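Let's walk through this structure together, one piece at a time. Keep the viewer open and follow along.

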Amino acid sequence: MTHSRFDRSLLHDSSVPAGTTVHDIGLLLLRLVVGLSMAGHGTMKLFGWFGGPGLTATGKGFSMAGYPAGDAMAVIAGLSETLGGLGLALGLLTPLAGAALTGVFINILDVRGFDAYFPPKGIELEVVLFASVIALTLTGPGRYAVDHYLPVLRASRPRYSVIALLVGAVVGFAVLLIRD
């Protein structure tokens with residue numbers, strides 16, 4: 001008896017190789033949700049969009065959190081979130097986008113603290129988003145991404161992904177060192 005692909009469950013069929021259309025659609029969906037969420041968060045800081053505080057209030061928040069030059073830190077964080085999020089959503093220079101967002105999340109988690117995991121003061125959403133960024137950086141963006149058309153990223157993705165995450169972590173922790 002012959003079965004077509006549509007008769008089998010792709011979730012439990014080990015004969016369906018990674019990189020199938022379903023796999024790539026899943027990566028696209030994850031990239032769009034996580035990337036656009038981060039880009040939106042960055043524009044809240046930079047421009048006050050979506051009811052965000054804008055640069056002045058965000059800069060004051062950074063100063064209150066112990067960062068020197070709060071206004072400059074607000075710009076850096078806003079640009080990292082906006083450009084990293086857009087890069088992730090588009091699948092454009094995905095390792096670099098992952099590095100930018102890794103540095104951001106290391107600082108977010110440190111500022112928020114590790115006192116509680118669940119609401120109201122928990123960090124579970126940040127942890128899920130950070131894990132998603134790391135996973136997308138390591139797996140790559142899939143076929144429905146700009147990176148798919150950049151041969152240098154297609155050929156050496158694992159190396160660039162790991163290096164990018166390490167660079168993002170080092171920069172993120174370096175920024176923490178200047179915080180009071």
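A helix here is a DSSP run of H or I that is at least four residues long, and helices are numbered from the N terminus. Val170, for instance, is found in helix H7. Keep in mind throughout that this is a predicted model.

Start with the overall layout. The protein chain has seven helices and zero strands, so the pattern along the sequence, given how helices and strands are assigned, reads α-α-α-α-α-α-α. Buried residues make up 41% of the 180 residues in the chain. Take the contacts between residues at least 6 apart in sequence: 64% of them join residues at least 24 apart.

How far can you trust what you see? The mean pLDDT of the protein chain is 90, and 88% of its residues reach 70 or more. Over residues 1-16, though, the pLDDT is below 50, and beyond near neighbours in sequence this stretch has six contacts in the model. Where pLDDT is low, the predicted coordinates should not be read in detail.

Now for the inside. The largest nonpolar core has 21 residues, and Phe62, Leu88, Phe105 and Val133 are those with the most contacts inside it. Helices H1 (21-47), H3 (70-90), H4 (94-112), H5 (124-139) and H7 (157-177) each supply at least two residues of this core. The largest share, five residues, comes from H4.

Leu88 is a handy place to center your view. Leaving aside its neighbours within four places in sequence, Leu88 is in contact with Arg31, Val34, Gly35, Thr94, Ala97, Leu101, Val133 and Leu136. Val133, you'll recall, is another of the residues with the most contacts inside the core.

Next, look at Ser132, which is found in helix H5. Is Ser132 buried or exposed? Its relative accessibility is 13%, and because buried means under 20%, Ser132 counts as buried. Beyond its neighbours within four places in sequence, Ser132 is in contact with Leu30 and Val34. Val34 is also one of the contacts of Leu88.

Ala145 sits in the loop between H5 and helix H6 (151-155). Despite the loop setting, Ala145 counts as buried, at 5% relative accessibility. Which residues is Ala145 in contact with, leaving aside its neighbours within four places in sequence? They are Arg31, Leu90 and Gly91. Arg31 is on the contact list of Leu88 as well. There is also a long-range pairing to check here: the C-alpha atoms of Ala145 and Asp24 are separated by 9.2 Å, although the two are 121 residues apart along the chain.

Back to Val170 in helix H7. At 58% relative accessibility, Val170 counts as exposed, because the cut-off for exposed is over 50%. Its C-alpha atom is separated by 9.4 Å from that of Thr102, and the two residues are 68 apart along the chain.

Then there is the largest pocket, with about 710 Å³ of space in it. It is lined by 31 residues, of which Ala77, Glu81, Val104, Asn107 and Ile108 lie nearest its centre. H1, H2, H3, H4, H5 and H7 each supply at least two residues of the lining. Which helix gives the most to the lining? That is H4, with 10 residues, and H4 also provides the largest share of the nonpolar core. By type, the lining divides into 19 nonpolar, eight polar and four charged residues.

Finish with a few backbone oddities. Most residues other than glycine have a negative phi, and most peptide bonds are trans. Ala69 has a positive phi of about 50° although it is not a glycine. Ala69 is in the loop between helix H2 (54-64) and H3, and it is exposed, with a relative accessible area of 55%. Leu93 likewise has a positive phi of about 50° without being a glycine. Leu93 is in the loop between H3 and H4, and it is partly exposed, with a relative accessible area of 41%. Where is the cis peptide bond to look at? The bond from Pro119 to Pro120 is cis, with omega near 10°, and Pro120 is in the loop between H4 and H5.

Notes
Residues are numbered from 1 along each chain as its sequence is written. This is a predicted model: local features need pLDDT of at least 70, side-chain atom pairs count only at pLDDT 80 or more; totals for chains, interfaces and linings use all residues. Side-chain values use heavy atoms; hydrogens and water are left out. A nonpolar core is a set of buried Ala, Val, Leu, Ile, Met, Phe, Trp, Tyr and Cys residues joined through side-chain atoms within 4.5 Å. Buried means under 20% relative accessible area, exposed over 50%, partly exposed in between (1.4 Å probe, protein chains only). Contact means heavy atoms within 4.5 Å. pLDDT is the predictor's confidence in each residue, from 0 to 100. On a 1 Å grid over the protein atoms alone, a cavity is a set of points where a 1.4 Å probe fits but cannot get out, and a pocket is an open set with protein on both sides within 12 Å along at least five of seven lines; lining residues have an atom within 4 Å of a point. Grid points are joined across faces, edges and corners, and a volume is the space filled by probe spheres set on the points. Ala, Val, Leu, Ile, Met, Phe, Trp, Tyr, Cys and Pro count as nonpolar, Asp, Glu, Lys and Arg as charged, and the others, Gly among them, as polar.
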